[in-house]
Amino acid sequence: MILNTGSRTDIPAFYSDWFYNRIKEGYVLVRNPYNPAQVSKYLLSPEIIDIMVFCTKNPFPMLERISLLSAFDTFWFVTITPYGEDIEPYVPPAEQVMVSFKKLSALVGKNRTSWRYDPIFITGKYSVDYHIEQFHKMAKALSGYTEQCVVSFIDLYEKTLRNFRGVRSISDKEQERLIAAFSETAKEYGLQIHLCCENAALVRENVDADGCMSKPVLEKALGCKLDVPSKKMARKECSCLLGADIGAYNTCAHGCLYCYANYDRKTVVKNMKLHNKTSPLLIGEVCENDVIKQAEQKSWKNGQLNIFDL
């Protein structure tokens with residue numbers, strides 16, 4: 001099975017103490033975001049967790065103790081974008097995150113470390129030319145530390161429009177120009193670009209629309225084949241595999257204007273005050289009316305060597 005930590009929040013950046021405590025205890029509890037009284041229990045065992053997937057804007061808090069994850073296979077998505085505090089008020093500077101990215105890559109391997117350059121949006125300050133220049137600059141800096149980059153354009157969800165005033169969609173012409181330039185940069189620095197739920201018409205050399213967490217991507221990282229249940233490959237938007245997410249919405253403190261996982265800053269602050277690093281739940285404690293059920297967990301590895309290991 002895949003254990004996902006990053007679709008709802010940024011655990012490495014803000015909850016590393018809690019996460020390492022859960023590794024020590026050997027299990028984690030997760031509230032159903034749509035039915036809070038329903039709680040799932042996941043055993044944190046390398047015998048049944050094939051790979052832990054992290055998605056973060058700041059892996060630094062995890063690095064000093066990363067040896068505690070040595071029994072597990074891990075895959076890391078690190079978002080590094082060229083925006084300032086006007087857009088990402090509490091995200092460390094890109095230069096700082098790139099240093100952590102390189103350290104992480106040296107520890108876990110470049111085939112298990114993926115750079116995310118997303119979401120892309122256009123304003124007077126962040127123009128098409130600006131993105132082309134910054135993407136090339138970052139790709140050059142990260143050359144040799146990763147083999148892939150995930151790219152997507154901003155989705156204008158209701159909460160995004162509310163929190164990010166003045167943002168607009170990116171035209172087909174702008175998308176075409178950006179991906180054409182990114183493709184040339186990717187070819188120069190040995191990157192494969194994975195479009196995240198974008199138009200397949202943008203596919204070209206060094207650019208695919210097959211998904212960032214697809215079966216081939218994870219099999220290459222693991223060095224073995226996966227027998228994935230069909231219900232875990234049911235995404236309509238892309239071929240990314242569905243994993244169990246242990247995070248919680250409205251708990252990420254980066255404050256990014258484009259965030260889809262937070263309702264607003266006030267809600268995030270309120271929830272973070274309920275965090276207890278010793279609790280089996282990310283936010284709050286177990287209540288009397290909680291119904292805790294053991295989640296279905298099974299390894300998907302079939303033992304067959306991946307061609308990339310031969």
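**Exercise 1.** In this predicted model, determine how many bridges join strand β4 to strand β5, and state which residue is the bridge partner of Cys-55.

*Solution.* Begin by locating the two strands, with β4 at residues 51-56 and β5 at residues 74-79. Next, follow their directions, which are parallel, and count the bridges that join them, which gives 5. Finally, start from Cys-55 and look across to β5, where the bridge partner is Phe-77.

**Exercise 2.** Place β4 and β5 in their sheet, and explain why one side of β9 and of β11 is left without a neighbour.

*Solution.* Write down the order of the 8 strands, β9-β8-β7-β6-β5-β4-β1-β11, which form an open sheet with parallel pairing. Then look at the edges, where β9 (207-208) and β11 (244-245) stand; each has a single partner strand, so one side of each has no neighbour in the sheet.

**Exercise 3.** Describe the sheet that contains β2, β3 and β12.

*Solution.* The 3 strands form an open sheet in the order β2-β3-β12, and the pairing is mixed. At the edges are β2 (27-32) and β12 (291-294), each of which pairs on one side only. From one strand to the next, the twist averages 30°. Looking at one pair in detail, β2 and β3 (residues 35-43) pair in the antiparallel sense over 6 bridges, and Arg-31 has Val-39 in β3 as its bridge partner.

**Exercise 4.** Decide whether Tyr-249 counts as buried, partly exposed or exposed.

*Solution.* First find Tyr-249 in the loop between β11 and α9 (265-272). The relative accessibility of Tyr-249 is 31%, and partly exposed lies between under 20% (buried) and over 50% (exposed), so Tyr-249 counts as partly exposed. Together with Tyr-34, Tyr-157 and Tyr-260, Tyr-249 forms a nonpolar surface patch with about 500 Å² of accessible area.

Methods
Residues numbered from 1 in each chain as written. Predicted model: local features only at pLDDT ≥ 70, side-chain atom pairs only at ≥ 80, totals over all residues. Heavy atoms only, no water. Pairing = 2+ DSSP bridges. Helix = DSSP H or I, 4+ residues; strand = E, 2+ residues; numbered from the N terminus. Axes fitted to C-alpha atoms, helices over the stretch in contact; angles between N-to-C directions. Patch = residues over 30% accessible without salt bridge, like charges linked within 9 Å, V, L, I, M, F, W, Y side chains within 5 Å. Areas by Shrake-Rupley, 256 points an atom, 1.4 Å probe, with all protein chains shown as cover. Salt bridge = Lys/Arg side-chain N within 4 Å of Asp/Glu carboxyl O. Buried < 20%, exposed > 50% of the residue type's maximum accessible area, 1.4 Å probe, protein only.
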